[in-house]
Amino acid sequence: QASRLVELPYSSFDEENDDDTAEQDPGVWYPDPPKLSPFSHCVRYLAFLWNLLFLLLGLLTLAVGVWGLLAKSPLPGGERGVPLSSDPMLLFVLAGLGASSVSLAGCLGAFRASPCLLRFFLGAVLAFGGLEVLGGLLLLLARRRLRDALRDLLLLCLLRYQEDPDLQFLVDEVQRSLQCCGLESYRDWESNPYFNCSAPGVQACGVPASCCQDPLENGSVPNAQCGYGVLGLGAAAAGAVVHTGGCGAALGVWLRGQAGAIAAGATALVLVEAVGALLALKVLGDI
């Protein structure tokens, strides 16, 4: 019994001593976090703010897309005129969702010093950059096919002018800003079922008001009926009312004139992504 009385305190003390040793050994169980330099702290804060900015922009784009889809949602019991898969506002939703998700990963990765989130952010940025470079190469190598695809798209916009408010707004802005009408000429509006001369409505044998040379007609409010009946006139009489030239050639000239601005915008986008990737690499290297 005496030996047991001696051994018990000794073993209890030994176990407590081992526990204290384990708790006091930070090199094994709880390693000290690496000490960051002031420059590393600044880089981490800059990476967080950088991604926070693009997170807000992505959420704004997502909100615009959702608002556009809800604004065109059908009434109860009605039918939607435009399929959801072909709605242009869906591009805003997808772009906003992708940008906000990647930027959120970058924000949390920089704030929490999470290697997993930072690696996901870097992978997504590299994937987007690769897709942009691939898209640019396709634009250079397949210019003729893209020109034909753009032509088909413009023709589809003419056919679905009244069915989709987004396409209607886009066509009106193009015709008004480029001072053109139709694809090849103002006669292309005959392919539209509402402007065709055999149509039963009041728009028959007409063109949209955005084709008119003077839609205000010396007034303060645009005349929506300024293009009615133009398709029934001769070329000279129609030329005095509307722009007779097509938008296909005018849009091609405009795109060639904006080639420098488009290249500068693409370069700026690549630089923005490169800066975000470099910041994330620096933070990942400091962890």
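This report describes the fold, the salt bridges, a charged surface patch and a few single residues of one protein model.

The model is predicted, so that local features are taken only where pLDDT is at least 70 and side-chain atom pairs only at pLDDT 80 or more, whereas totals for chains, interfaces and linings use all residues. Residues are numbered from 1 along each chain as its sequence is written, and side-chain values rest on heavy atoms, with hydrogens and water left out.

## Overall fold

The protein holds nine helices and zero strands, and along the sequence the order reads α-α-α-α-α-α-α-α-α. Helices here are DSSP runs of H or I with at least four residues, strands are runs of E with at least two, and the numbering starts from the N terminus. Of the 287 residues, 27% count as buried; buried means under 20% relative accessible area, exposed means over 50%, and partly exposed lies in between, with a 1.4 Å probe and protein chains only. The protein exposes about 18,600 Å², of which carbon and sulfur atoms supply 67%, the areas coming from the Shrake-Rupley method with a 1.4 Å probe and, for residues, with only the protein chains shown as cover. Among contacts with a separation of 6 or more, 67% join residues 24 or more positions apart, a contact being heavy atoms within 4.5 Å.

## Salt bridges

Side chains of opposite charge can pair when their charged atoms come close. A salt bridge is counted when a side-chain nitrogen of Lys or Arg lies within 4 Å of a carboxyl oxygen of Asp or Glu, and by this rule the count comes to four. The table lists some of them, including the N to O distance of each pair.

| Acidic residue | Basic residue | N to O distance |
|---|---|---|
| Glu184 | Arg151 | 2.2 Å |
| Glu163 | Arg160 | 4.0 Å |
| Glu190 | Arg187 | 3.0 Å |

Glu184 pairs with Arg151; because Glu184 sits in the loop between α6 and α7 and Arg151 in helix α5, this pair ties together parts that are 33 residues apart in sequence. Glu184 is partly exposed at 47% relative accessible area, and Arg151 is likewise partly exposed at 39%. In the pair of Glu163 and Arg160, Glu163 is partly exposed at 39%, whereas Arg160 is buried at 17%. Glu190 is partly exposed at 31%, and Arg187 is partly exposed at 31%.

## A positive surface patch

Arg143, Arg144, Arg147 and Arg256 form a positive surface patch. Patches are built from residues with over 30% relative accessible area and no salt bridge, like charges being joined within 9 Å and nonpolar side chains (Val, Leu, Ile, Met, Phe, Trp, Tyr) within 5 Å. Helix α5 (residues 143-159) gives the largest share of the patch, three residues. Arg147 lies in this helix and is exposed, with a relative accessible area of 56%.

## Single residues in loops

Trp189 is placed in the loop between α6 (165-178) and α7 (235-239) and is buried, with a relative accessible area of 0%. The C-alpha atom of Trp189 is separated by 6.4 Å from that of Val207, which is 18 residues away along the chain.

Ala113, although not a glycine, has a positive phi of about 55°; Ala113 is located in the loop between α3 (89-112) and α4 (115-141) and counts as partly exposed at 22% relative accessibility. Gln179, also a residue other than glycine, has a positive phi near 55°. Gln179 lies in the loop between α6 and α7, where Gln179 is exposed, with a relative accessible area of 52%.

Methods. Lys and Arg count as positive and Asp and Glu as negative; His and the chain ends are not counted. The place of a charge is taken as NZ of Lys, CZ of Arg, CG of Asp or CD of Glu.
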